[in-house]
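Trainee: I should like to learn how to read a structural model feature by feature. May we go through one together?

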Amino acid sequence: MPERTTAVAMSGGVDSSVVAGLLQRRGDKLVGLTMQLWNQRRLPELATSGPTGRCCSIDDVYDARHVAQHLGIPYYVVNFEQRFEEQVVKPFIDEYLAGRTPIPCTLCNNFIKFDQFLEMAAGVGAERIATGHYAQLRWNPDNGRWEMLRSVDRTKDQTYFLCGLKQDQLARTEFPLGGFEKSQVREFARELGIPTAAKPDSQEICFVPNGDYAAFIDSYFREQGLSPTETQGELVTTDGHVVGEHAGVHHFTVGQRRGLKLAVGEPLYVISTEPATRRVVVGRGEELLRGSMHVKDVNWISIASPAEPTRAEVRIRNKHSAAGATIFPTGDPTRVEVRFDEPQRAVTPGQSAVFYSGELVLGGGWID
Amino acid sequence: MQRYYFDHNATTPVLPEVLAAMAPVLTEVYGNPSSIHYYGQMARQKLDESRRTVAKFLGATPDEIVFTSGGTEGDNLAIFGVARGAHAVITTAEHSAVLGASGQLSSMTKVPVDGRGLVDPEDIRRAIRPDTKIISVMHVNNELGAIQPLAEIAKITREAGVLFHSDGVQAAGKVAIDVAALGVDLYTISGHKFYAPKGCGALYVRKGVDLRPLQHGGHHERDRRAGTENVAGAVALACAAQIWMDDHEIETRRVSALRDRLERAILDRVPGTHVNGAGAPRTPNVTNIRFDGIDSEPLMIALDLRGFAVSSGSACLSGASEPSHVLTAIGLTKEQGRASVRFSLGRSNDQAQVDALIEALIESVNALRRVAPAYA
């Protein structure tokens, strides 16, 4: 193709549909691509009838195709099932079994959407991609870096999941919705005549029905001929008393209170999970507090890797309101130590830690 | 943008002559062939004429032709028609219609094909069991164009006293068909693979074969396929068959030269390319090429965006492509299957189009190898 082409990642939802519509109105040459990530006919026992969070369903593909037809842009479904299983689903399960609480969305962004999808786009002749993520990008000529900023709609901000993006990826990426409120996006959808304008937002982890990741892992195990019982074990208090049994370490995440089924006077929380011994350690609420943490595989976005301690606001969960902290470099450039101004509850290995300075996303990594 | 079509094994355009033959049937000869009055008789005449032409096309007699809606129906009617509740012997390279229908019988045996896509007739012999009621082997493979040794297999099936069906959907319009010489008892063809519209086809049922219908109702098609006949479809099918009988020698030479030109150019000018299933006798219009280190999905899309339609495997439920099971059946790895593209030529192609395709293909493959250097 002679002109510069942008590939729009179309999920069938309102956001990515509006991206396609807005870019087309701007006069861009577009190709719409839907990633087929997961075969919904697998793990049939998880089948849900409700509209909640099932990605890659035939209905979503139908919607995406309908939007592409409405806009008159070329459209294709591309098969990413094998890559998604290798790069997202298996690591997601491995992390749970290793006693951590992974974020598949970040894995997917790092290894699928902004890696292999970019490659797929280049392969079909599109130099750039655009997605419906809520985040903002801008070029800073002073430091020669692409900067990432939180989205204008604070409730929709997805920068927490985008902390792994590298400069060469950002250089070829556009987030057209980052500067708008969701209500404006829905307004655009109506204006552009997008057939799916009234579709509800998707929720949760796309391939896990109803957010029940433990049921997903159990089903996946059965499909692979493995036994979920191999992760069953004891519930132990922080001072070493066995207080019960559990159905598998992957049913628990740090800070969790529900589902412990313990008849103990005071409320108990999961403090940690220990896959080697298959133990789940429980304790009192204040035992969840941590003053510092180590973060690995750190990626710096808006600034270069700092040599000095750096002040930042740090988010340790997507819904966490950022906490003041100082980031200390270590001997290893991919690792930092984060010391919070105030101890933080439920610092959970496997989750991302993302460093902000006001609106700016400085960078982030994985809580170790 | 100028667009060129190189996917004639998926479907074909309806030829103007075919449309001209069928259109007045829709608007003027609209009677129900079962009706006794003039309108019915006119429609019946068209249907009977068409049946005679299709019979001639297959080397059969008119009473051996059952008009159907196409390939999938023909395959299902043949398999369930004679083998319901029994055992079937098929090959691993069969079309999904045969695979799917046979999978609904009480059991089936899938006989492997070799690296060229060909089945060894002796393997068929060994797979036959006392409860085997049908052997189904495609005449021509849709992905590779490989032509199976049907006559040899027929000797075995006749000895064993088992009925022999062949899916001839990819053979019709590409190679000569003589059901008697092939020795088949049942043979499926579909109109849209050779320039008639979708929704018309025929099943050859050898005289004496007791075929149980799939759908029940009136006495149409000698009680073998209930439902008011698609007269226009039958006329179109017959017209397409007649066109083949009239000019197949010229057209075969022409298409074969184009295919050879394309294949030669790819092998000579694109490094790391191989013909899948090389060495088999094959139809003149198709070549299936493997590009080392290339993912055929973006290649197919890149070519489509340049105006060239080719095939990168079969479409799954969502429309994403997945490697054809045929390529696995001839021993390719998943990666090799994903690196393969089928080019199927036909009456809509000429040499200028082939040359344009070659240039676009070279550019697209080079571009892909640049963006995915790890594969190169």
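Trainee: Is B:Asp223 buried, partly exposed or exposed?

Mentor: This model is predicted, and every reading below is computed from it. The general idea is to count the C-beta atoms around a residue: 20 or more within 10 Å make it buried, and 12 or fewer make it exposed. B:Asp223 has 13 other C-beta atoms within 10 Å, so it is partly exposed. The residue lies in helix H8 of chain B, which covers residues 220-223.

Trainee: What is the phi of B:Asp223?

Mentor: Most residues other than glycine have a negative phi. B:Asp223 has a phi near 65 degrees, a positive value in a residue other than glycine. In chain A, A:Asp297 also has a positive phi, near 50 degrees. A:Asp297 belongs to strand S12 of chain A, residues 289-300. Because 13 other C-beta atoms lie within 10 Å of it, A:Asp297 is partly exposed.

Trainee: Where does A:Gly27 lie with respect to H1(A), and what is its phi?

Mentor: A:Gly27 comes just after H1(A) and has a positive phi of about 100 degrees.

Trainee: How is the length of helix H1 of chain A to be read?

Mentor: One compares the span with an expected rise per residue. Helix H1 of chain A, residues 14-26, has 13 residues. From its first C-alpha to its last it reaches 18 Å, close to the 18 Å expected at 1.5 Å a residue.

Trainee: Which residues of H1(A) are buried, and what do they pack against?

Mentor: The buried residues include A:Val14, A:Val18, A:Val19 and A:Leu23. A:Asp15, A:Ser16 and A:Ser17 are also among them, as are A:Ala20 and A:Gly21. The buried residues of this helix pack against three strands of chain A, namely S1 (5-9), S2 (29-36) and S4 (128-130). They also pack against helices H2 (58-71) and H6 (182-191) of chain A.

Trainee: How should one read a sheet, for example the one formed by 4 strands in chain A?

Mentor: Strands of a sheet pair through backbone hydrogen bonds, either parallel or antiparallel. In chain A, 4 strands form an open sheet in the order S9-S8-S11-S10, with mixed pairing. Strands S9 (242-246) and S10 (269-274) of chain A stand at the edges; each has a single partner strand, so one side of each is left without a neighbour in the sheet. From one strand to the next, the twist averages 30 degrees.

Trainee: In which sense do S10(A) and S11(A) pair?

Mentor: S10(A) and strand S11 of chain A, residues 279-283, pair in the antiparallel sense over 5 bridges. A:Glu274 has A:Arg279 in S11(A) as its bridge partner.

Trainee: What is the strand order of the sheet formed by 7 strands in chain B?

Mentor: That open sheet of chain B has the order S2-S8-S7-S6-S5-S3-S4, and its pairing is mixed. The edge strands are S2 (65-68) and S4 (107-111) of chain B, each of which pairs on one side only. Neighbouring strands are turned by 20 degrees against each other on average, direction ignored. Within this chain, strand S3 (residues 87-91) and strand S5 (residues 132-136) run parallel and are joined by 3 bridges. B:His87 stands opposite B:Thr132 in S5(B).

Trainee: How many helices and strands does chain B have, and how compact is the chain?

Mentor: Chain B has 13 helices and 14 strands. Its radius of gyration is 21 Å, close to the 21 Å that the globule rule gives for 376 residues, so chain B is as compact as a globular protein of that length. The C-alpha atoms of chain B fill a box of roughly 70 × 50 × 40 Å along the principal axes. Of its 376 residues, 52% count as buried. Among contacts in chain B with a separation of 6 or more, 69% come from residues 24 or more positions apart.

Trainee: How many residues of chain B are in contact with chain A, and which element gives the most?

Mentor: An interface is read by its contacts, its elements and its residue classes. Here 17 residues of chain B are in contact with 17 residues of chain A. Helix H10 (296-305), strand S13 (321-322) and helix H13 (351-371) of chain B each supply at least two residues of this side. H10(B) gives the most, with 5 residues. The residues on the chain B side divide into 10 nonpolar, 3 polar and 4 charged.

Definitions and conventions:
Residues are numbered from 1 along each chain as its sequence is written. Chains are lettered from A and ligands numbered from 1 in the order in which they are written. This is a predicted model: local features need pLDDT of at least 70, side-chain atom pairs count only at pLDDT 80 or more; totals for chains, interfaces and linings use all residues. Two strands pair if DSSP finds at least two bridges between them. Axes are lines fitted to C-alpha atoms, for helices over the stretch in contact, and angles run from 0 to 180 degrees between N-to-C directions. Two residues are in contact if their C-beta atoms, placed from the backbone, lie within 7 Å. Ala, Val, Leu, Ile, Met, Phe, Trp, Tyr, Cys and Pro count as nonpolar, Asp, Glu, Lys and Arg as charged, and the others, Gly among them, as polar. The radius of gyration is taken over C-alpha atoms; the globule rule is 2.2 Å times the number of residues to the power 0.38. The expected span of a helix is 1.5 Å times one less than its number of residues.
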